Amino acid sequence: MKNLFSKKNLIWLGILIVLFFLVQFMIDARIIIPYHRTILFGIGIFIILGVSLNIIIGITGQLSLGHAGFMSIGAYSAAIVMQYMPDMTGLLLGMLVGTLVSILVSFVVAIPTLRLKGDYLAIATLGVGEIIRIVILNLEITNGASGISNIKNLISWPLLFVFVVAAVVLSANFKNSAIGRACISIKEDEIASEAMGIHTTKYKVIAFIFGAVLASVAGSLYATTYYVVKPETFGIATSINILIIVVFGGMGSLTGSAVSAVFIGIVNMLLQSYAEVRLITYALVLIVVMIFRPQGLFGSKEFGLDKILGFKPPSLKKLRKEEST
Amino acid sequence: MQQFLQQTINGLSIGGVYALIALGYTMVYGIIKLINFAHGEIFMFGAYVGMIAVMNFNIPIYLAFVIAMAVTALFGVIIERVAYKPLRKSSRTAALITAIGVSFLIQNGVLMVMGANIYAFPQVIPNRFFTVFGLRLNMLQLVIFATSIALMIILQFIVSKTKLGRAMRSVAVDKDAAALMGVNVDNVITITFAIGSALAAAAGIMVGLYYIKVFPFMGFTPGLKAFVAAVFGGIGIIPGAMIGGFAIGLIETYVAGYGSTLYKDAVVFIILILILLVKPSGLLGKNVKEKV
């Protein structure tokens with residue numbers, strides 16, 4: 001077992017503790033006004049969404065366009081459960097229900113589509129996002145087009161912080177685990193990894209379900225942050241917004257997704273009154289980035305401590321040179 | 001029984017429209033293996049061009065068809081040259097994301113220029129009804145059905161009988177070999193986009209005439225359904241897209257007629273998942289082993 005209290009982990013822990021108390025202090029001292037606090041919480045939720053979609057797109061190389069659908073499952077589960085139990089237990093229970101439903105739905109979608117090579121997942125998930133939206137629109141329990149309002153607001157900075165950090169750490173561990181390495185190899189070359197004995201369908205399904213579950217948790221947080229859930233919030237535009245975060249931050253870079261969620265959240269706040277220009281700019285950015293830097297703006301590099309601490313993983317070139325001499 | 005036949009007629013007329021859109025998907029997929037997400041938006045663009053031609057310039061509808069098809073074909077060519085051509089060698093995910101970006105761009109561009117309001121397509125085809133064997137036939141439905149069939153016959157002729165069609169088929173089979181045989185691959189791809197976009201424009205005008213409404217997000221659902229139609233018939237196969245289009249149109253109409261209108265959109269995606277489960281290569285598709 002690796003050392004849990006390595007120098008690197010301790011420094012990360014220190015940074016997180018400092019960040020947590022700094023923001024908490026700013027909220028208490030009213031440097032962050034409630035308006036900005038809501039935006040801060042929104043950014044936190046989009047960090048979870050971005051990181052979870054990156055697991056599917058950036059790490060495993062499968063394009064999913066139904067992320068907002070899974071988000072809506074979590075949001076509605078939390079909203080419905082919290083109507084009967086408007087407290088923390090209700091929120092956690094709702095999250096659990098959302099997680100179970102998301103696992104079920106993503107499993108049903110993943111098995112037929114991920115068996116195949118190619119781009120069927122993109123269309124299938126687009127369709128599933130629509131099916132979820134239509135079902136929510138027509139169910140009694142979800143209150144149709146007007147949605148559910150008056151959800152109890154339970155979000156707080158400590159709660160959000162815990163969930164965001166947990167989601168990012170979980171995703172990072174996923175990426176660095178044996179499963180994650182299998183997923184990366186599928187992205188690089190599906191046929192080659194199959195030849196190496198990797199059960200490609202299995203790992204693609206695992207990654208897809210992992211991403212869907214995190215999206216559902218983010219959806220539950222969304223419900224309690226904004227106290228209203230409506231079917232129209234979780235349309236294709238939201239899925240594309242999450243995709244933009246992933247592309248901008250770099251395919252396969254989890255820290256990149258987190259940074260770009262913060263950046264895009266701030267840009268959105270500043271350009272709030274120019275909605276159309278903003279959307280057109282994002283669409284252009286998406287196209288231009290794909291043409292000139294298809295791996296995303298920051299590539300698959302993680303913003304890590306390795307460089308600062310002077311630790312360098314041995315490069316492949318060097319290893320090859322050593323081998324040949 | 002009579003109601004069933006009536007539903008069948010309704011299904012066939014909307015199915016013809018889906019088939020026209022599906023043809024664009026399938027031709028582009030067959031030739032460069034890209035799901036052109038922007039195809040639904042090209043269809044929407046065509047509807048707008050046709051509507052402006054009829055409404056603002058009082059052009060007769062048959063000429064409006066020709067103008068919209070020409071303008072939209074040019075539009076499709078520009079999209080292909082600017083956005084997709086630089087990506088021909090990069091990964092499929094990159095190309096797909098670009099296609100989504102293009103779709104988002106067209107949608108919001110039209111939204112900015114034309115506004116979010118819903119336009120009413122001028123009703124230039126008289127709303128006359130014929131009664132044949134007790135069935136009510138709408139003049140508009142007949143026009144739509146006849147136009148889509150005529151366009152499909154023209155397409156089939158181009159693909160199977162002309163030199164251009166032979167070039168298109170050869171590029172679809174093997175791009176490099178086609179280039180070695182003297183086919184100008186870039187031009188063939190561009191022409192494929194032009195034809196696909198022109199068909200989508202015709203479909204756009206017909207949907208405008210049929211449902212009256214024209215708005216920036218009108219391309220999303222028909223685009224998705226047409227894609228399902230293309231997969232249903234076997235993506236990359238031209239007759240497959242036609243069969244798939246009619247099949248999806250019929251199924252959707254039956255569900256709306258006998259079941260619930262609310263779920264008619266959801267049914268189409270359930271069909272997609274079922275096809276992928278049972279026969280992913282589609283109705284007319286053959287199982288092809290992947291080469292390493």
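Trainee: How many residues of chain B are in contact with residues of chain A?

Mentor: In this predicted model, 36 residues of chain B are in contact with 36 residues of chain A. H4(B) gives the most to the side of chain B that touches chain A, with 15 residues.

Trainee: What makes up that side of chain B by class?

Mentor: The side of chain B that touches chain A has 26 nonpolar, seven polar and three charged residues.

Trainee: Let's look at the chains themselves. What is the secondary structure of chain A, and what is there in chain B?

Mentor: Chain A comes to 14 helices and zero strands. Chain B has eleven helices and four strands.

Trainee: How do you know that the radius of gyration of chain A agrees with that of a compact globule?

Mentor: Set the value against the rule. For 325 residues, a compact globule would have a radius of gyration near 20 Å, and chain A has 20 Å, so the two agree. Along its principal axes, the C-alpha trace of chain A spans about 70 × 50 × 45 Å.

Trainee: And what does the rule give for chain B?

Mentor: With 292 residues, the rule gives a radius of gyration near 19 Å; chain B has 19 Å, so chain B agrees with a compact globule too. The C-alpha atoms of chain B fill a box of roughly 60 × 45 × 35 Å, taken along the principal axes.

Trainee: Now for single residues. Why is Leu65(A) called buried?

Mentor: Good one to practise on! A residue needs 20 or more other C-beta atoms within 10 Å to be buried. Leu65(A) has 26 such neighbours, so Leu65(A) counts as buried. You will find Leu65(A) in the loop between H2 and helix H3 (67–84) of chain A.

Trainee: Which residues is Leu65(A) in contact with, leaving aside its neighbours within four places in sequence?

Mentor: Leu65(A) is in contact with Ala122(A), Thr125(A), Leu126(A), Gly129(A) and Ser239(A), once neighbours within four places in sequence are left aside.

Trainee: Why is Ser90(B) called partly exposed?

Mentor: Partly exposed sits between the cut-offs: over 12 neighbours, but under 20. Ser90(B) has 14 other C-beta atoms within 10 Å, so Ser90(B) is partly exposed. Ser90(B) is in the loop between helix H3 (61–84) and H4 of chain B. Not counting residues up to four places away in sequence, Ser90(B) touches Pro294(A) and Ala95(B).

Trainee: Let's turn to a helix. How do you know that the length of H6(A) is close to the expected one?

Mentor: H6(A) covers residues 157–176, which is 20 residues. From first C-alpha to last, H6(A) reaches 28 Å, close to the 28 Å expected at 1.5 Å a residue.

Trainee: Which residues of H6(A) are buried, and what puts them on the same side?

Mentor: The buried residues are Leu160(A), Phe163(A), Val164(A), Ala167(A), Val168(A), Ser171(A), Phe174(A) and Lys175(A). They cover an arc of only 125° around the axis, so they are on the same side of H6(A). It helps to know that an α-helix has 3.6 residues a turn, so residues three or four places apart point the same way.

Trainee: What does the face turned away from that buried side carry?

Mentor: That face of H6(A) carries the exposed residues Pro158(A), Val162(A), Asn173(A) and Asn176(A). What covers the buried residues of H6(A) includes helix H2 (34–59), helix H7 (178–188), helix H9 (200–226) and helix H11 (254–270) of chain A.

Trainee: Where does Ile48(A) come into this picture? Which residues is Ile48(A) in contact with, leaving aside its neighbours within four places in sequence?

Mentor: Among them are Phe163(A), Val164(A) and Ala167(A). Ile48(A) is also one of the residues that touch the most other members of the largest nonpolar core, which has 196 residues. The largest share of this core, 16 residues, comes from H9(A).

Trainee: One last puzzle. What makes the phi of Tyr227(A) stand out?

Mentor: Most residues other than glycine have a negative phi. Phi of Tyr227(A) is near 45°, a positive value in a residue other than glycine. Tyr227(A) lies in the loop between H9 and helix H10 (236–249) of chain A. With 16 C-beta neighbours inside 10 Å, Tyr227(A) counts as partly exposed.

Notes. Residues are numbered from 1 along each chain as its sequence is written. Chains are lettered from A and ligands numbered from 1 in the order in which they are written. This is a predicted model: local features need pLDDT of at least 70, side-chain atom pairs count only at pLDDT 80 or more; totals for chains, interfaces and linings use all residues. Helices (H or I, at least four residues) and strands (E, at least two) are DSSP runs, numbered from the N terminus. The expected span of a helix is 1.5 Å times one less than its number of residues. The arc is that of the directions from the helix axis to the C-beta atoms. Two residues are in contact if their C-beta atoms, placed from the backbone, lie within 7 Å. A nonpolar core is a set of buried Ala, Val, Leu, Ile, Met, Phe, Trp, Tyr and Cys residues joined through C-beta atoms within 7 Å. Ala, Val, Leu, Ile, Met, Phe, Trp, Tyr, Cys and Pro count as nonpolar, Asp, Glu, Lys and Arg as charged, and the others, Gly among them, as polar. The radius of gyration is taken over C-alpha atoms; the globule rule is 2.2 Å times the number of residues to the power 0.38.
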